[in-house]
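Colleague: I would like to learn how to read a protein model one feature at a time. Could you take me through the general idea in each case and then show me the example?

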Amino acid sequence: MKPLHNDHRTRVTKQLIRRAFTDLLAQKPIQSITIKELCERAGINRGTFYAHYTDLHDLLGQMEEELLSGLQQALAPLLTADDEHLNPVAITAGIFQCLRDNSDLCSITLGPYGDKKFLLKVINMGHQRYMPCYQQWFKGATPQQLEYFYAFVSGGCIALLQKWLAEGMTTPPAEIAEMAEKLMLYGIGFLEKT
């Protein structure tokens, strides 16, 4: 078993690397970032970087996997809960909490130098989880209608996330989730229900 101080040191080091990396990604594409530049910004040496990552793409990949894992965990109730015990707002709040916990990566992904393939992966993950639920909840809808509904909802949630990021994510995730759910269910009528 590793000593506790080593785990803490590793976490702090990874946070320094991640912060330096996302700061640089906000300014330029990954291809223009060097390990030397990243290490200088993080205040570490190259050996420390290579103790945790093989290269910048490995670092980005690990960050993305961490976010995907959190999203999968937030979406898990869709697969296990029956309709009577399913709480869509709680699931959406879990998703927004995960996005808030990874706000640095979200800002980069949605920015000019973000990994658009990763954004597509996130959208497709939601698609895989939500479409079977939509088919159960909206039995009268055609498959094409459900596809368009998911496209509309996922696009709207991305726009909500962008607005929330721009405001510094000060609104609690549960409040954003409730707003998203009301917008999905009532459209503009949601404004009259508040």
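Modeller: We will go through a helix residue, the pockets, the salt bridges, the cysteines and one loop residue, keeping in mind that this is a predicted model.

Colleague: Let me begin with a single residue. Where is Leu38 found, and is Leu38 buried or exposed?

Modeller: Leu38 is found in helix α2, which covers residues 35–42. A residue is called buried when its relative accessible area is under 20%, and Leu38, with a value of 0%, is therefore buried.

Colleague: Which residues is Leu38 in contact with, if its neighbours within four places in sequence are left aside?

Modeller: With those neighbours set aside, Leu38 is in contact with Ile17, Ala20, Phe21, Leu24, Phe49, Leu56 and Leu59. You can also follow the backbone, where the C-alpha atoms of Leu38 and Asp23 are separated by 9.4 Å, the two residues being 15 apart along the chain.

Colleague: Now I would like to understand pockets. What is the volume of the largest pocket, and which residues are closest to its centre?

Modeller: The general idea is that rolling a probe the size of a water molecule over the atoms shows where empty space is left. Here the largest pocket has a volume of about 640 Å³. It is lined by 33 residues, and those closest to its centre are Ile95, Tyr130, Tyr150, Ser154 and Cys157.

Colleague: Which helices supply the lining of the largest pocket, and how do the lining residues divide by class?

Modeller: At least two residues of the lining come from each of α4 (56–75), α6 (88–101), α7 (103–110), α8 (116–137), α9 (143–166) and α10 (173–186). The largest share, nine residues, is given by α8. By class, the lining of the largest pocket divides into 28 nonpolar residues, four polar ones and one charged one.

Colleague: How much space lies in the second largest pocket, and what lines it?

Modeller: The second largest pocket holds about 210 Å³ of space, and its lining is made up of Arg11, Lys14, Gln15, Arg18, Tyr53, Leu59, Gln62, Met63 and Glu66. The elements that give two or more residues to this lining are α1 (4–25) and α4. When its residues are sorted by class, the lining has three nonpolar, two polar and four charged residues. You have met Leu59 already, since this residue of the lining is also in contact with Leu38.

Colleague: Let us turn to salt bridges. How many are there in the whole structure?

Modeller: A search of the whole structure finds five salt bridges. To read one, look for a side-chain nitrogen of Lys or Arg within 4 Å of a carboxyl oxygen of Asp or Glu. Glu37 and Lys28 form such a pair, and their closest N and O atoms are 2.5 Å apart. Glu37 counts as partly exposed at 23% relative accessibility, and Lys28 counts as partly exposed at 22%.

Colleague: Why are Glu178 and Lys182 separated by about one helical turn?

Modeller: They are separated by about one helical turn because they are four residues apart in helix α10. Their side chains meet in a salt bridge with an N to O distance of 3.3 Å. Glu178 is partly exposed at 39% relative accessibility, and Lys182 is partly exposed at 27%. Elsewhere, salt bridges that share partners join Arg18, Glu66 and Asp104 into one network.

Colleague: What should I look for among the cysteines, and how many disulfides does the structure hold?

Modeller: A disulfide is a covalent bond between the sulfur atoms of two cysteines. The structure holds zero disulfides. For Cys98, the nearest cysteine sulfur is that of Cys106, 7.5 Å away, and Cys98 counts as buried at 8% relative accessibility. For Cys157, the nearest cysteine sulfur is again that of Cys106, at 12 Å, and Cys157 counts as partly exposed at 21% relative accessibility.

Colleague: Finally, where does Met169 lie, and what is its phi?

Modeller: Met169 lies in the loop between α9 and α10. Its phi is positive, about 55°, although Met169 is not a glycine. With a relative accessible area of 6%, Met169 is buried.

Terms used:
Residues are numbered from 1 along each chain as its sequence is written. This is a predicted model: local features need pLDDT of at least 70, side-chain atom pairs count only at pLDDT 80 or more; totals for chains, interfaces and linings use all residues. Side-chain values use heavy atoms; hydrogens and water are left out. Buried means under 20% relative accessible area, exposed over 50%, partly exposed in between (1.4 Å probe, protein chains only). Contact means heavy atoms within 4.5 Å. On a 1 Å grid over the protein atoms alone, a cavity is a set of points where a 1.4 Å probe fits but cannot get out, and a pocket is an open set with protein on both sides within 12 Å along at least five of seven lines; lining residues have an atom within 4 Å of a point. Grid points are joined across faces, edges and corners, and a volume is the space filled by probe spheres set on the points. Ala, Val, Leu, Ile, Met, Phe, Trp, Tyr, Cys and Pro count as nonpolar, Asp, Glu, Lys and Arg as charged, and the others, Gly among them, as polar. A disulfide is a pair of cysteine sulfur atoms within 2.5 Å.
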